[in-house]
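Here's a walk through one protein chain, going from an annotated spot out to the cores and the domains. Have the structure open while you read.

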Amino acid sequence: MLGELLKEKIFLSSPHMSEEGYEMEYIREAFESNWIAPLGKNVDEFENEICCMLDVKAAAALSSGTAAIHLALKAAGVNKGDIVFCSSLTFSATANPVIYQNAVPVFIDSDYETWNMSPSALEEAFIRYDRIGKRPKAVIVVHLYGLPSALDEIVYLCHKYQVPLIEDAAESLGSLYKGRYTGTFGDYGVFSFNGNKIITTSGGGMLVSNREERIRKVRFWATQARDPARHYEHSELGYNYRMSNVTAGIGRGQLKVLHDRVRQKQYINEFYRRELDGLPGLTFMPENRYNRPNYWLSCILLHGPVRSNDVFEALDEENIESRPIWKPMHLQPFYKGYDFVGEGVSERLFREGVCLPSDTKMTDEDLMRVVRKIRGLWR
Ligand SMILES: *Cc1c(COP(=O)(O)O)cnc(C)c1O
């Protein structure tokens with residue numbers, strides 16, 4: 001009995017610092033130079049390193065991914081009463097900043113091919129709103145669990161209607177779509193370094209864009225919008241949204257091991273695919289030949305006889321963390337008054353989906369513990 005209770009916990013996705021101790025090096029440097037805050041070399045270099053890796057012109061290191069989405073909306077000119085088309089199947093942090101700007105979200109359904117924003121639902125939304133003389137001020141597309149969206153189609157539609165595209169790539173740092181990193185296709189790309197993301201700074205975010213002038217403006221807003229003057233002069237509303245120099249040091253160290261983490265996440269995904277193959281009514285997240293996801297979380301769908309709830313309960317018993325697919329925003333009580341365009345795809349993904357433990361510190365033995373417990377449900 002006691003043995004059962006004390007089974008070692010397996011996490012969904014927990015922080016994984018480099019074995020080499022890169023993060024501590026950068027933190028030590030910050031301490032030794034007393035550049036604890038504000039800003040400093042680690043922040044500048046972290047921004048540069050992200051720009052280099054992604055091949056984008058400019059980046060602003062911020063206090064969170066949510067702050068990055070908020071300032072992306074501001075940079076795109078979204079204001080009171082404006083419409084924003086937004087993926088429905090996502091974490092609430094994608095949509096909440098639309099409300100911070102007093103704008104109006106319209107939620108767009110997913111498709112089965114990508115689990116992300118359906119290009120045909122997006123097109124339908126454009127047409128429907130065009131008919132009543134309205135055009136959104138921005139589109140926010142999410143790359144859920146590291147799976148790239150149908151970017152060609154979505155970028156095409158945004159160009160056609162001349163609407164800025166914001167990519168919420170909070171979960172997809174290191175994912176490639178046709179050989180290019182997600183977060184670099186839209187006018188703005190957003191990353192998160194929250195504790196459970198593929199790399200973490202303990203908390204933080206990054207906004208990237210090829211529009212350098214917009215990123216300069218974002219840095220201005222993020223540091224309380226101080227006009228140039230000896231005293232404190234403000235002609236615009238400001239925020240305290242910058243990343244600290246200590247935090248950025250963790251980020252620089254983590255960025256060095258990003259590709260190792262992607263490789264390990266892919267290994268985990270392949271392990272599950274191999275070991276759970278053939279179980280009736282169990283299917284995996286989609287794979288498209290032009291994508292190389294970062295496999296942040298490995299997810300499955302259960303169409304019966306075994307249900308998602310059976311899996312959650314079985315894994316709970318073993319002290320193994322799992323969780324449902326995001327509950328779509330158009331089904332959230334807070335967002336129930338807003339429009340939705342689609343046909344229930346995201347709802348079904350929510351109902352049938354399970355995110356399996358995808359922690360990069362898991363051993364093969366840990367993975368087998370998960371697999372055995374799941375397989376047991378078919379006996
Ligand atoms: C984590 C996450 C965010 C928010 O990032 P924070 O750094 O936690 O503010 C936004 N969107 C998605 C899809 C996320 O997974």
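## Lysine 197 and its surroundings

Lysine 197 sits in the loop that links β8 (188-192) to β9 (205-209). Keep in mind that this is a predicted model. An unreviewed UniProt entry puts its "active site" annotation on Lys197. Is lysine 197 buried or exposed? Its relative accessible area is 12%, and buried means under 20%, so lysine 197 counts as buried.

Who are the neighbours? Setting aside residues up to four places away in sequence, lysine 197 touches Ala170, Glu171, Ser192 and Trp296. With one of these, serine 192, there is also a side-chain to side-chain polar contact of 3.4 Å.

## Strand β9, covered on both sides

Follow the chain on from that loop and you reach β9. Five of the five residues in β9 are buried. That holds for both faces: Gly205, Leu207 and Ser209 are on one side, Met206 and Val208 on the other.

β9 also has strand partners. It runs antiparallel to β1 (58-62), with five bridges between the two, and alanine 58 stands opposite serine 209 of β9. β8 and β9 are antiparallel as well, joined by four bridges. Here valine 190 has leucine 207 of β9 as its bridge partner.

## Helix α8 against the strands

Next comes helix α8, residues 212-222. Which of its residues are buried? They are Arg214, Ile215, Val218, Phe220, Trp221 and Ala222. These buried residues pack against β1, β8 and β9, and also against α4 (65-75).

Some of that pattern is what you'd expect from a helix. An α-helix has 3.6 residues a turn, so residues three or four places apart point the same way. Just after α8, glutamine 224 takes a positive phi of about 70°.

## Two nonpolar cores

The largest nonpolar core has 41 residues, and the members touching the most others are Ile50, Leu54, Trp115, Tyr145, Leu173, Phe193 and Met206. At least two residues of this core come from each of α3 (41-54), β1, β9, α9 (245-255), α10 (258-275), β12 (298-302) and α12 (345-352). α3 gives the largest share, six residues. Both domains take part, too: domain 1 (2-14 + 258-378) and domain 2 (22-255) each supply at least three residues. A second core, separate from this one, has 34 residues, including Ala67, Ala103, Ala222 and Tyr335.

Two of the well-connected members of the largest core are worth a look for their backbones. Tryptophan 115, in the loop between β3 (104-108) and α6 (119-131), has a phi near 70°, which is positive although the residue isn't glycine. Its relative accessibility is 2%, so it counts as buried. Beyond its neighbours up to four places away, tryptophan 115 touches a long list of residues, among them Leu89, Tyr145, Phe284, Cys299, Ile325 and Leu349. Tyrosine 145 is in the loop between β4 (138-142) and α7 (151-160). This is another non-glycine residue with a positive phi, near 55°, and tyrosine 145 is buried at a relative accessible area of 0%.

## Domain 1 meets domain 2

The domain assignment gives domain 1 (2-14 + 258-378) and domain 2 (22-255). How far apart are their C-alpha centres? The answer is 26 Å. The contact takes 43 residues from domain 1 and 47 residues from domain 2.

## Two more loops

The loop between β12 and α11 (308-317) holds proline 305. The peptide bond leading to it from glycine 304 is cis, with omega near 10°.

Methionine 329 is in the loop between β13 (323-324) and β14 (340-341). At 2% relative accessibility, methionine 329 counts as buried. Leaving out neighbours within four places in sequence, its contacts are Ser88, Thr90, Phe91, Ser92, Ala95, Phe107 and Tyr335. Tyr335 is also listed in the second core. As for valine 218, one of the buried residues of α8, methionine 329 is 111 residues away in sequence and 27 Å away in space, C-alpha to C-alpha.

Definitions and conventions. Residues numbered from 1 in each chain as written. Predicted model: local features only at pLDDT ≥ 70, side-chain atom pairs only at ≥ 80, totals over all residues. Heavy atoms only, no water. UniProt positions renumbered as here; feature names shortened; annotations may be inferred. Buried < 20%, exposed > 50% of the residue type's maximum accessible area, 1.4 Å probe, protein only. Contact = heavy atoms within 4.5 Å. Polar contact = N/O pair within 3.5 Å; in protein donor to acceptor, adjacent residues only side chain to side chain. Core = buried A, V, L, I, M, F, W, Y, C linked by side-chain atoms within 4.5 Å. Domains from an automatic or database assignment. Pairing = 2+ DSSP bridges.
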